[in-house]
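Me: I would like a close look at a single part of this protein. Please start with one detail and build outwards from there.

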Amino acid sequence: MKKGCRSPTMADISNEEGEDPWSPFEDEEEWDLAHWLIKNLGQTWTEEFLKLPITQNRSRLSFHNNCLFLQCVDKLPHGPGWSCKKVTVRGNVEDEKGEMLQEEVELWSRDPVECVKELIGNPAFKEHMAYSPAKAYADRVGQHRVIDEMWTGDWWGEKQNALPEGAMIAPIILSSDKTSLSQFRGDKSAWPVYMSIGNIAKAKRRQASACATILIGYLPASKLDCFTPDARSLAGYRLFHHCMTLLLQPLIGAGNDGVEMVCADSWVRRVYPILAAYVADFLEQCLVSCCKENRCPKCLRKIGQHPLEFEANGLRAVYKPFWADLPHADIFLAFTPDLLHQLHKGVFKDHLVKWCIDIIGEDEMDAHFKAIPNYPGLQHFKKGISSVKQWTGREHKEMQRVFVGLLSGAVPSRVLVVAQSILDFSYYAQLHIQTTESLDALQNALTVFHANKDILKELAVREHFNIPKLHQLSHYVQSITLFGAADGFNTELPERLHIDFAKDSYCASNKRDYKEQMALWLQRQEAPHSNPHDVDADSDTDSESETPHLPAAEPLQPTHVLAKVPAHPHQSVHTIITAHGATEFLPALRSFLLKNLPRNTIVPGLQDRFDLYHQVVIVTPPDLRVSDVPKQRRIRATPEKLLSGRKPGTPAQFDMALIADRPHSSHLHTLEGIFLLSFSAVNFDNSLVAGVRVAQVRTIFTLPRQFGAYPRALAYVEWFTPFQPPDPSSRMRQVSCSTRQLRRNAAVVHVDEIVRPCHLIPRMGQSVDLRLRSGNAYEVVNDFYFNEFIDGEMFCACVIK
């Protein structure tokens with residue numbers, strides 16, 4: 001690595017040459033306006049805005065129409081330029097003259113090496129960039145390995161050892177996917193190719209707005225009508241590989257010899273851009289690996305030399321795939337887990353859900369989904385799932401949150417084991433941080449599935465399990481060990497980028513010769529982001545660290561937040577008992593006062609009034625295994641709101657929560673400010689949430705002043721029984737409504753003793769009680785399953801050792 005001197009930034013050059021930092025605009029205000037116009041308005045609306053009298057008379061801009069404005073934008077520095085290559089495709093269909101038809105298609109591309117320079121030198125990524133591989137462990141001995149970022153996987157270290165001393169690897173992450181551009185009519189489509197580098201932290205790569213994944217080309221999406229239908233598929237394979245060869249040609253020399261690049265920390269290094277990972281759905285993987293759709297792209301390791309060998313190995317006759325000459329690349333290892341299409345949509349929705357519907361019936365499955373109790377943020381399928389016409393990844397994930405508990409008692413126990421093992425696999429695969437133990441558990445979940453899957457054959461639900469998406473799960477552990485956690489390679493990001501890089505850019509064109517207009521539009525969208533004075537001043541720091549400079553965060557503690565003003569002030573005890581169903585409110589409050597305010601002589605009665613709150617929001621520190629941002633969780637205690645005029649009524653919401661049975665650390669935000677309570681923390685043991693108990697929160701209130709100045713908010717809760725031993729099939733623990741002398745076992749607790757909301761699923765059995773509805777489940781049913789799949793944090797707390 002060259003570290004003799006720091007490369008000057010664009011801001012340094014501008015200052016040395018005496019250039020106006022806001023050129024070609026007059027000043028900072030005009031620059032900000034230009035940025036806003038480019039981001040929010042199209043050309044027609046920009047023209048109208050600039051022609052407004054108030055704009056012309058008061059703003060006095062250096063540009064007075066859209067044409068002059070775009071001329072200024074085109075003078076700005078921008079990313080790597082676009083070029084167009086014409087590719088002539090000769091078909092096998094003859095025209096009227098007996099000559100073979102041919103078609104000319106366009107390949108729009110940018111130099112991938114220049115794109116790597118753009119990414120690796122972007123100062124915005126300085127604190128999120130790594131320049132060398134590393135291995136992380138959870139213990140000092142080095143027995144419990146931790147794998148999260150790409151640089152903690154095995155691939156990077158193995159390739160680093162094969163390169164000259166001082167070389168730096170830029171792991172190339174490619175993704176491609178054809179998408180439709182026409183919304184209501186027409187058949188226009190685009191085939192974007194995206195690129196990122198594994199040096200950037202995956203949390204930053206996942207942010208579409210961070211521009212850490214950039215567009216490097218549009219492949220031709222031709223129908224190839226110059227070929228007969230039987231030859232069209234193979235011709236499409238060959239055209240794809242030919243265009244990808246042209247697109248990625250610069251990576252061959254750069255991967256062999258390295259290229260000096262200015263990195264985000266302003267140091268110059270010799271960088272070797274090497275294709276490491278390819279993010280694609282199953283059909284795109286088959287296209288890239290030149291294999292047929294009935295073969296596994298990752299298991300395919302043999303390359304034939306003659307047509308018969310191609311056929312025998314399940315290969316398409318593509319004699320020179322684009323990856324053949326890419327140095328240090330192994331395309332079969334490069335395919336990463338596709339959580340969206342393989343797990344959520346594939347194995348879960350298309351297979352597991354269908355198998356269970358075949359067992360219990362569509363109507364009964366709908367009835368089970370309708371009866372699932374409400375939970376903050378949980379999608380309720382109030383009409384069941386059979387009526388859903390358009391599925392997205394979000395619906396698949398929402399179904400997974402309740403599926404195991406919903407099936408308990410409705411399907412044979414071995415089928416429940418199959419469902420639970422698939423859901424375990426899904427939740428383990430989604431972890432942002434993997435360990436030796438979690439990867440063992442991931443593999444074990446798949447082993448449990450295969451050990452019990454024959455029950456589906458016995459029930460005549462399946463005849464075989466030769467399912468490509470199911471087979472691909474067997475490669476997850478290897479891929480994660482090589483390239484890092486699977487959340488860094490999900491196909492959800494490329495599908496989201498289609499909006500910015502394909503659909504929006506197409507809408508900005510006149511729909512004729514649109515590829516050139518799309519490329520120009522994207523170049524103009526990038527221009528404001530290339531502003532040299534956007535560079536953080538800290539980029540001048542001479543740092544020689546090879547690992548990311550992640551900011552040191554202060555340790556967070558759970559914080560309970562109440563509204564500044566109570567939603568229902570001065571409410572009577574009668575209202576609390578009737579509207580909130582807090583039948584034991586007065587006895588519970590008396591017991592609380594006796595314990596916590598022993599010197600109090602006032603006995604609460606029907607004459608007292610209390611300030612009531614709709615909800616408490618609990619802000620918890622992030623569990624880095626599933627998220628890197630703090631979570632805000634609501635616990636509601638809202639009574640039913642009747643129909644009023646044109647406003648519809650709303651049902652009552654009294655959420656379930658985990659209440660600490662011993663004090664714990666918390667910050668309480670109230671109208672009075674922040675109160676720090678120094679208590680011991682709640683801990684989680686191997687398989688069960690320890691030190692907590694389930695309760696339903698009926699009322700959130702504060703004590704009136706006649707009881708003294710008591711700063712802590714309170715909650716009236718109704719207890720459930722302690723956790724019972726887990727069900728052997730579903731592993732779910734059971735709780736029941738707790739009673740004392742034939743009355744609900746209730747208590748008043750401090751709001752800051754509420755750990756988090758939880759979800760209970762009623763034991764419904766094979767058929768759902770006709771009285772059971774989502775809104776009355778906690779009143780109609782007595783026995784419940786504690787739902788450990790309600791979110792990733794709960795799964796980690798209950799399941800992961």
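Reply: Start with one facing pair: Leu-174 stands opposite Tyr-278 in strand 10. The model is predicted, local features need pLDDT of at least 70, side-chain atom pairs need 80 or more, and totals for chains, interfaces and linings use all residues. Numbering runs from 1 along each chain as its sequence is written, and side-chain values use heavy atoms, without hydrogens or water.

Strand 10 covers residues 268-279 (strands are DSSP E runs of at least two residues, helices H or I runs of at least four, numbered from the N terminus). Of its 12 residues, 11 are buried (under 20% relative accessible area, 1.4 Å probe, protein chains only; exposed is over 50%, partly exposed in between).

Now look at its partners. Strand 5, residues 168-176, pairs with strand 10 (at least two DSSP bridges make a pair). These two strands run parallel, over eight bridges. Strand 9, residues 259-262, runs antiparallel to strand 10. Four bridges join strand 9 and strand 10. Here Val-262 stands opposite Val-268. Five residues lie between the two strands of this hairpin. One residue there, Ser-266, has a positive phi near 75 degrees.

Next, go to the helices. Helix 15 spans residues 362-370, and its buried residues are Glu-364, Met-365, Asp-366, His-368 and Phe-369. Their cover includes helix 14 (339-360), helix 16 (393-400) and helix 17 (403-407).

Phe-403 is worth a stop. Beyond four places in sequence, Phe-403 is in contact (heavy atoms within 4.5 Å) with Phe-348, Leu-352, Val-353, Cys-356, Met-365 and Phe-369. The largest nonpolar core (buried Ala, Val, Leu, Ile, Met, Phe, Trp, Tyr and Cys joined through side-chain atoms within 4.5 Å) has 85 residues. In this core, Leu-352, Phe-403 and Val-694 touch the most other members. Helix 18, residues 413-429, gives the largest share of this core, with 10 residues. Another core lies apart, with 63 residues, among them Leu-107, Val-113, Met-129 and Phe-240.

Ser-438 sits in helix 19, residues 436-452. Ser-438 counts as buried because its relative accessible area is 4%. A polar atom of its side chain lies 2.7 Å from the backbone nitrogen of Thr-435. Beyond four places in sequence, Ser-438 touches Tyr-428 and Leu-431.

Last, check the confidence. The chain has a mean pLDDT (the predictor's confidence in each residue, from 0 to 100) of 86. In 89% of its residues, pLDDT reaches 70 or more. Over residues 1-16, pLDDT is below 50. Residues 533-554 also stay under 50.

How values were computed:
Polar contact = N/O pair within 3.5 Å; in protein donor to acceptor, adjacent residues only side chain to side chain.
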